[in-house]
Amino acid sequence: MGKHIPPFDNKNQPIIDINDDVSPLCYFNPVRLKQGETHTHTVDGYESVIVLAGGTCCITVSNSSAEEMVFDNIGQRASVWEGNPESVYVPVGSTAVIECVSEQADIMIAGGRYEETLEPFAVLQDNVDMVQYGSDDTKTHRKIKHVLGQSNADKRGRLLVSELFTVGAGGWSGFPPHKHDEDRTKPDGSKETLYEEVYQFRFNPDFGFGAQFLYEHEDDFGPVYHVRTGSVIAIDKGYHPSVAAPGYEMYYFTIIVGKTSKSLVQHFDPHHEYQVNTIPGIKDMIAKFK
């Protein structure tokens, strides 16, 4: 149903590799480089996006015909807590060479299984879609920065990538609890789509912490994972709300990959679904990003 991978030095090797045992649709490799260092990225059968969490890189994307596109000076912020991300989309069958041009670079490479070959493109800081909803009163104040989402749906496959923040100090995310583990039409005519999901968490201040809940059915008691900066969660099924401890801002990098659909459609836990109508802005957010 899911797994927690505690923080460790992955030495620029994938934490979630192709054909993962829990989330085989997803790929995740956090990479750290110093000025002048390079990293070569290629993953057969997966589209991907290279996101600058911090620092600046030159990214060269080449395909099997040796055609190259060069994206200079990608990344305009020092860390995830400052400004919007910049990124480069890498199609299936392409290779990207990432060169660090700043003093250092904090890079997150997200991938999703896909069948078609598209074209490379950059998502610059002014092109990032930002959504904010919830409230301090409901402990659900949340900000989302979409890197791959609805605004570039015609350019990407089924890979959705975002940065999510709990706004303020502490609070809930992924609430009301929801799942997206079946491609189905429900009895009322509404739909649910199958998407696997991978997160990496960070906290501000860095020694903060939170909890990730996982449960498969609405009446289950599932595992709860203690997450800290660098924790990775992989989810293939079930409801998955999370919470940040009081006094800490929580960030998580999200990789969400669909099996058949380019649109993520959630199913809410029936016990808590009524809160869709009580949390400010959530209904508009759901409607906009289906």
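Buried here means under 20% relative accessible area and exposed means over 50%, with partly exposed in between. By that yardstick N73, at 48% relative accessibility, counts as partly exposed. This is a predicted model, and its story is mostly one of strands: seven of them form an open antiparallel sheet, the largest nonpolar core has 30 residues, and the largest pocket holds about 520 Å³ of space.

**The seven-stranded sheet**

- Going across the sheet, the strand order is β1-β20-β17-β22-β12-β11-β10, and the pairing is antiparallel.
- β1 (2-5) and β10 (129-133) sit at the edges with a single partner strand each, so one side of each has no neighbour in the sheet.
- On average, and ignoring direction, neighbouring strands here are turned by 20° against each other.
- At the β10 edge, five bridges tie that strand to β11 (residues 142-148), and the two run antiparallel. Q132 is found opposite K143 of β11.

**β17 and its two partners**

- β17 covers residues 195-204, and nine of its ten residues are buried.
- With β22, β17 makes an antiparallel pairing over ten bridges. Here V198 stands opposite I255 in β22.
- With β20, the pairing is again antiparallel, this time over four bridges. Q200 has V232 of β20 as its bridge partner.

**G258, in β22**

- Strand β22 spans residues 249-258, and G258 belongs to it.
- Is G258 buried or exposed? Its relative accessible area is 0%, so it counts as buried.
- Setting aside neighbours within four places in sequence, G258 touches L25, R158, L194 and Y195.
- G281 is 23 residues from G258 along the chain, and their C-alpha atoms are 25 Å apart.

**Nonpolar cores**

- In the largest core, with its 30 residues, F28, L148, V161 and F253 touch the most other members.
- Two or more residues apiece come from β2 (26-34), β4 (46-62), β8 (104-113), β9 (121-123), β11, β12 (159-166), β20 (232-235) and β22.
- Which strand gives the largest share of this core? That would be β22, with four residues.
- V161 has plenty to show for itself: leaving out neighbours within four places in sequence, its contacts are V49, V51, A110, K145, H146, V147, L148, F253 and T254.
- There is also a second, separate core of 21 residues, with F175, I233, A244 and Y248 among them.

**Pocket and cavities**

- The largest pocket, at about 520 Å³, is lined by 30 residues, and P30, R32, D106, Q200 and R202 are the closest to its centre.
- β2, β4, β8 and β17 each supply at least two residues of that lining, with β2 giving the most, five residues.
- Q200 therefore turns up twice: it is one of the residues closest to the pocket centre, and it is bridged to V232 in β20.- How many cavities of 30 Å³ or more does the structure hold? There are two.
- The second largest cavity has a volume of about 30 Å³, and its lining is made of K179, H180, D181, Y195, I235, D236, K237, G238 and H240.

**The β3-β7 pair**

- Strand β3 (residues 38-41) has two unlike faces: H39 and H41 are on the covered one, T38 and T40 on the uncovered one.
- In a regular strand, side chains alternate between the two faces of the sheet.
- β3 pairs with β7 (residues 95-100) in the antiparallel sense over four bridges, and H39 has I98 of β7 as its bridge partner.

**Backbone oddities worth a look**

- A cis peptide bond links F175 to P176, with omega of about 5°. P176 lies in the loop between β13 (171-173) and β14 (178-179).
- F175, on the other end of that bond, is one of the residues in the second core.
- The bond from N204 to P205 is cis too, with omega near -5°. P205 is placed in the loop between β17 and β18 (210-213).
- N19 is not a glycine, yet its phi is positive, about 55°. This residue is in the loop between β1 and β2, and its 52% relative accessibility makes it exposed.
- N73, also not a glycine, has a positive phi of about 55° as well. N73 is in strand β5 (residues 68-77), and at 48% it falls into the partly exposed class.

Notes:
Residues numbered from 1 in each chain as written. Predicted model: local features only at pLDDT ≥ 70, side-chain atom pairs only at ≥ 80, totals over all residues. Heavy atoms only, no water. Pairing = 2+ DSSP bridges. Axes fitted to C-alpha atoms, helices over the stretch in contact; angles between N-to-C directions. Buried < 20%, exposed > 50% of the residue type's maximum accessible area, 1.4 Å probe, protein only. Contact = heavy atoms within 4.5 Å. Core = buried A, V, L, I, M, F, W, Y, C linked by side-chain atoms within 4.5 Å. 1 Å grid on protein atoms, 1.4 Å probe; cavity = no way out; pocket = protein on both sides within 12 Å on 5 of 7 lines; lining within 4 Å. Points joined across faces, edges and corners; volume = space filled by probe spheres on them.
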